[in-house]
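Take a look at the structure below. Keep it in view as you read this short report.

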Amino acid sequence: MKYISTRGGGTPQTFEQVLLTGLAPDGGLYVPAELPHFYQEEIASWKSLSYPELALKIISEFIGDEIPVQALRKIVIDSYAQFDHPEVAPLTELAENDFMLELYHGPTLAFKDFALQVLGRLLDYVLLKNNQRVIILGATSGDTGSAAIEGCRHSEQVDIFILHPHQRVSEVQRRQMTTVVGDNVFNLAVEGNFDDCQSIVKAAFADQSFLPEESQLVAVNSINWARIMMQIVYYFSAALKVGAPERAVSFSVPTGNFGDIYAGFLAKSIGLPIKQLVVATNSNDILHRFINGNEYSTNGLNQTLSPSMDILVSSNFERYLFDLFDRDAALLKDFMSKLNHESQQVSDEKWKQMRECFSSARVDDALTCETIAKVFCDTAKLVDPHTAVGIRAARECNADPSTPMITLSTAHPAKFSNAINEAGLDAPQLPPHLTGLFEKEEHYSVVPNDLAAVTEFVIKHSHS
Ligand SMILES: *Cc1c(COP(=O)(O)O)cnc(C)c1O
């Protein structure tokens, strides 16, 4: 399998090359040069597979023969053995044809574990084989950092540096990162906001001349293709449980950087019968305004109760636009470059095409709290604020009550206890493996909001 950049530059890359990098050199994102396709009979034959075996069927097509199947099997089995539910991604019925897919049974209680547990092991495999070391550099507003550290901390070939905005992530999220002990794990608390952290990381990736020779940076945010690939699997797993492929299903996805829902779009593209894909946004609603009104423009960032979706421009949306524009890289480049100064539109035909696949809704903090309270009242289930945005959007957009609608539940409610309290409910306990989190010693370094300060820190502490 070969991968190409959405901006049309460079030569096609192997899976391994794409795994070990971030953006393409031309600033684009990597996508498969061609998608595999699964026919209905084949999908139907997967109904009794375990989660790791199902994952193996799907991801093998995207990796090809670069990693032997026995090695890949061990990687996925070991990854999903870290989850505390035997089904890995259990499905809960909230009402008739209204389901919630629990993606929070991994080590850090958010769906990002699905990809990052595997990513850490894939890196380990490839780097050991090549006798190579890399430096992971990432910025987090909360969930990505802890899942990345948890997924990569055992890798002897990797040093991992995660930037978070000093005093601006929740205590649970911070402690999940800073209480991990390992001489290859470094938490940097940047004196700035999340955007500042992200700008530093972007600049470091764009000019890696500060690194020693032979060393390179690897991205762990959802621009890394391997993350998207791993997320395709649970769309199949959930759909199979409610009657696919003989029957179509719909999904509602709490959306920030568009990585999770893009995996759903890919699941549909490779053969899963998905009727509706609902883009659920909080009041950071650029995607909702585009899908609903054909207006693609940024406005200011809002801080909400669902912080993992507080995003100005969704990086993975570019991957979808590339397909919408029939893979015309020049057109895409032009569209992306204008976004900073003017509102963008697509043709009526393209807009219609987008709306045939995606619906959307915007759910503000008041509606989020109302939904948390309503779901608890109706089902005795506590849902986290991101999930609540998804559930509310699902109910608003559902065009066909006879089709199962599955909302992705992206985090455990204990991770966002402030929102649960605001909804008038008592926050739940952290699961047993996280008790003691508040007593453990924390390890992090406060650094100024400055690229040179961060690169110096990386050089000083990496083992490359
Ligand atoms: C990361 C995250 C999201 C957003 O996912 P994207 O792939 O960025 O769209 C939603 N909910 C939670 C809890 C998250 O951690």
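The report covers the ligand, the sheets, a hairpin and two backbone details.

## The model

This is a predicted model. Keep that in mind for each value that follows.

## Around the ligand

Start with the ligand. The ligand has 15 residues around it. Of these, K112, D143, G256, N257 and D260 come nearest. The shell is mixed in character: 5 residues are nonpolar, 7 are polar and 3 are charged. The ligand's space is also a pocket, the second largest one.

Now look at single contacts. Two involve the protein backbone. A polar backbone atom of G256 is 2.8 Å from an oxygen atom of the ligand. A polar backbone atom of F258 is 3.0 Å from an oxygen atom of the ligand. Another contact uses a side chain: an N or O atom of T410 is 2.9 Å from a nitrogen atom of the ligand. How much of the ligand's accessible area does the protein cover? On its own, the ligand has 380 Å² of accessible area, and the protein covers 97% of it.

## The parallel sheet

Next come the strands. Strands of a sheet pair through backbone hydrogen bonds, and they can run parallel or antiparallel. One open sheet has 5 strands with parallel pairing. Their order is β9-β6-β7-β8-β14. Which strands stand at the edges? They are β9 (217-218) and β14 (445-447), and each pairs on one side only.

Zoom in on one pair from this sheet. Strand β7 covers residues 158-165, and strand β8 covers residues 185-190. They pair in the parallel sense over 6 bridges. Follow L163 across to β8: its bridge partner there is L188.

## The antiparallel sheet

Another open sheet has 3 strands with antiparallel pairing, in the order β2-β1-β3. Why is one side of β2 and of β3 left without a neighbour in the sheet? Both β2 (13-14) and β3 (30-32) stand at the edges with a single partner strand each, so one side of each has no neighbour in the sheet.

Strand β1 is made of residues 2-5, and 2 bridges pair it with β2 in the antiparallel sense. Find Y3: its bridge partner in β2 is Q13.

## A hairpin

Strands β4 (residues 91-95) and β5 (residues 98-102) run antiparallel, joined by 4 bridges. Here L91 has L101 in β5 as its bridge partner. The two strands form a hairpin with 2 residues between them. In this hairpin, N97 takes a positive phi near 55°.

## Backbone details

Most residues other than glycine have a negative phi, and most peptide bonds are trans. With that in mind, consider two loops. The residue N131 lies in the loop between α5 (112-130) and β6 (134-139). Phi of N131 is positive, near 50°.

The other loop runs between α9 (225-241) and β10 (249-254), and P245 lies in it. Is the peptide bond from A244 to P245 cis or trans? That bond is cis, with omega near 5°.

Notes: Residues are numbered from 1 along each chain as its sequence is written. This is a predicted model: local features need pLDDT of at least 70, side-chain atom pairs count only at pLDDT 80 or more; totals for chains, interfaces and linings use all residues. Side-chain values use heavy atoms; hydrogens and water are left out. A residue is near a molecule or strand if one of its heavy atoms lies within 4 Å of it. A polar contact is a pair of N or O atoms within 3.5 Å; within protein, one must be able to donate a hydrogen and the other to accept it, and residues adjacent in sequence count only if both atoms are side-chain atoms. Accessible areas come from the Shrake-Rupley method with a 1.4 Å probe; for residues, only the protein chains shown count as cover. On a 1 Å grid over the protein atoms alone, a cavity is a set of points where a 1.4 Å probe fits but cannot get out, and a pocket is an open set with protein on both sides within 12 Å along at least five of seven lines; lining residues have an atom within 4 Å of a point. A molecule sits in a cavity or pocket if more than half of its atoms lie within 2 Å of its grid points. Ala, Val, Leu, Ile, Met, Phe, Trp, Tyr, Cys and Pro count as nonpolar, Asp, Glu, Lys and Arg as charged, and the others, Gly among them, as polar. Two strands pair if DSSP finds at least two bridges between them.
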